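Me: I'd like to walk through a protein model with you, one question at a time. Can we start with the charged pairs and then move on to the sheet?

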Amino acid sequence: MTSIARSALRPVCRFLDRRFFVPACCHVRWSSASSQVSQVAYSPVNDDIKRAFEDIVGENNVSSAMVVREQHGKDESHHKCHPADLVVWPTSREQVCQVAKLCNDNCLPLIPFGSGTGLEGGVVAKKGGVSVDVTKMNEILEVNAEDFDVTVQAGVTRNQLNNYVRDTGLWFPVDPGADASLGGMASTSASGTNAVRYGTMRENVMNLEVVLADGRVINTAGEGRRTRKTSAGYNLTNLFVGSEGTLGIITKVTLRLYGIPESTASGVSSFSDVKSAVDAVVEILQSGIPMARIEFLDDVQIDACNKFSGLNYPVTPTLFLEFQGSENGVKEQASIAGEIIESNGGSKFQWATELEERNKLWKARHNAWYADMALRPGCKGVSTDVCVPISRLPEIIVETKEDIITSNLIAPIVGHVGDGNFHCVLPLDLECEEELKRAKEFVDRLSRRALAMGGTCTGEHGIGCGKQALLPEEIGPTGVQVMKEIKNLLDPNGILNPGKVFL
């Protein structure tokens, strides 16, 4: 921090001390016995503090305009917008370190922001403070084609990376649908349609550079390390993957890359009922076919996609499948999958082999959220994302479909059923209290249904603001207590994304 910034903050700190009659960073630590949520007297952002941020990142990289703050105070979810007091755009790790230290020294909430495509309110500034937008940190730093890995700054997006590495014959397959920032994808442990074959962010992040609350920097696997495996100490990388900005600010990510498949083919098959479609998925996976993607859409969802994306598939439960590998391998995989599908009452495949056709098919799948919102223009969407063991998938989807009908809700079902993960997307009128009550009760039943089957309340969206009450039911009180103790150790002043994950 510059000497000007320090001198500007001295009167601010004195003012805060007088206002609260306590040191500026008043914080009640979690007790190891009770693990109660900390009580923090957060500081306001005033002109002196704003000038201090301008000294760090430059005047053009700081904004207090309401339209900018509101843009950063919400994501794609239904959660209410909570604007930050200030938005800053650092362009380097060093600037992030100074921003974090300034926030920590003055008890300012700090909320990391990537592309704003989350679905659990992870970027809303519930306590005000500073939104730290990393989109200007968007350099691809090192591609190691021979080793199948890449290192990028946190603001690089998935599409940006794949466009950059395409000529090397490599790609990054984790695909949540949105063109999310890779730092944000790591922060939420994102996955998506390719997870059945390539895994989630947890399996594909090799190293992270993270700025801690007090401005220190940690490389979770060691600086410059990018090995495929290690048994050196604790797995710090996976501690931060999925931490949702509550433990540190991710500034650099090292990722696994994969070879672009020689041949790819996509197929679509329709079924007369939900159970037959999901039973076919389970049998395909049990047969050992190395599927790239298996997506399930119920009749309501396929109807929405038909209308929104100009398709003409039968309005019945439907599977979208993709096969990758050598040309002969793809033919063999498709043949075996086709036999299983037909034995479960599915239609013969409608094939999409050309790139343009396949892109249209998967774009329709990725646009499912917007197709669902178009069912009720003006409504806001609520998306569930439970995940269960594959063997329980037919049971939970059938029960969920029945629950939707009984609850008199519009809730199309779509999901990455190849890994047991599916979504119900509810377009809701947020002004109708009775509808919101029915929706909340349905979501709670669905989440607890998944937990009772050995599953999780969130396969890929995170806890954020929406699932905090379910975390203790899933992890258990001791697990949550340990999580809080880790949080308290790394963020003793409670500035990092407050109001998320824990109640």
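**Charged pairs and a sheet**

Reply: Sure, here's a pair to begin with: Asp-214 and Arg-216 join their side chains in a salt bridge, at 2.9 Å from N to O. Keep in mind that this is a predicted model.

Me: Is Asp-214 buried, partly exposed or exposed?
Reply: Look at the relative accessible area, which is 30% for Asp-214. Buried would need a value under 20%, and exposed one over 50%. So Asp-214 counts as partly exposed.

Me: Which residues are joined into one network by salt bridges that share partners?
Reply: One link to look at is Arg-93 with Glu-209, whose closest N and O atoms sit 3.2 Å apart. When bridges share partners, they chain up into a network, and here the members are Arg-93, Glu-94, Glu-209 and Lys-252.

Me: How many residues apart in sequence are the parts that Arg-93 and Glu-209 tie together?
Reply: Arg-93 belongs to helix H4 (residues 93-105), while Glu-209 belongs to strand E8 (residues 205-211). Their salt bridge therefore ties together parts separated in sequence by 116 residues.

Me: And Glu-209 itself, is it buried or exposed?
Reply: Its partner Arg-93 has 28% relative accessibility and counts as partly exposed. For Glu-209 the relative accessible area is 6%, and the cut-off for buried is under 20%. So Glu-209 is buried.

Me: Which helix holds both Asp-105 and Lys-101?
Reply: Those two side chains meet in a salt bridge, 2.9 Å from N to O. They are four residues apart, about one turn of the helix, and that helix is H4.

Me: Now the sheet: in what order do its five strands come?
Reply: It's an open sheet with antiparallel pairing. Strands E5 (140-144) and E9 (217-219) are the edges, each pairing on one side only. Reading across, the order is E5-E6-E10-E8-E9.

Me: Which residue in E10 stands opposite Thr-151?
Reply: Strand E6 (residues 149-153) and strand E10 (residues 249-256) run antiparallel, joined by five bridges. Opposite Thr-151 you'll find Thr-254.

Me: At about what angle to E8 does H4 run?
Reply: H4 lies across E8, E9 and E10. Its angle to E8 is about 50°.

Me: Last one: over which residues does pLDDT stay under 50?
Reply: Across the protein, the mean pLDDT is 91, with 92% of residues reaching 70 or more. Where pLDDT is low, though, the predicted coordinates shouldn't be read in detail. The stretch under 50 is residues 1-37.

Terms used: Residues are numbered from 1 along each chain as its sequence is written. This is a predicted model: local features need pLDDT of at least 70, side-chain atom pairs count only at pLDDT 80 or more; totals for chains, interfaces and linings use all residues. Side-chain values use heavy atoms; hydrogens and water are left out. pLDDT is the predictor's confidence in each residue, from 0 to 100. Contact means heavy atoms within 4.5 Å. A salt bridge is a side-chain nitrogen of Lys or Arg within 4 Å of a carboxyl oxygen of Asp or Glu. Helices (H or I, at least four residues) and strands (E, at least two) are DSSP runs, numbered from the N terminus. Buried means under 20% relative accessible area, exposed over 50%, partly exposed in between (1.4 Å probe, protein chains only). Two strands pair if DSSP finds at least two bridges between them. Axes are lines fitted to C-alpha atoms, for helices over the stretch in contact, and angles run from 0 to 180 degrees between N-to-C directions.
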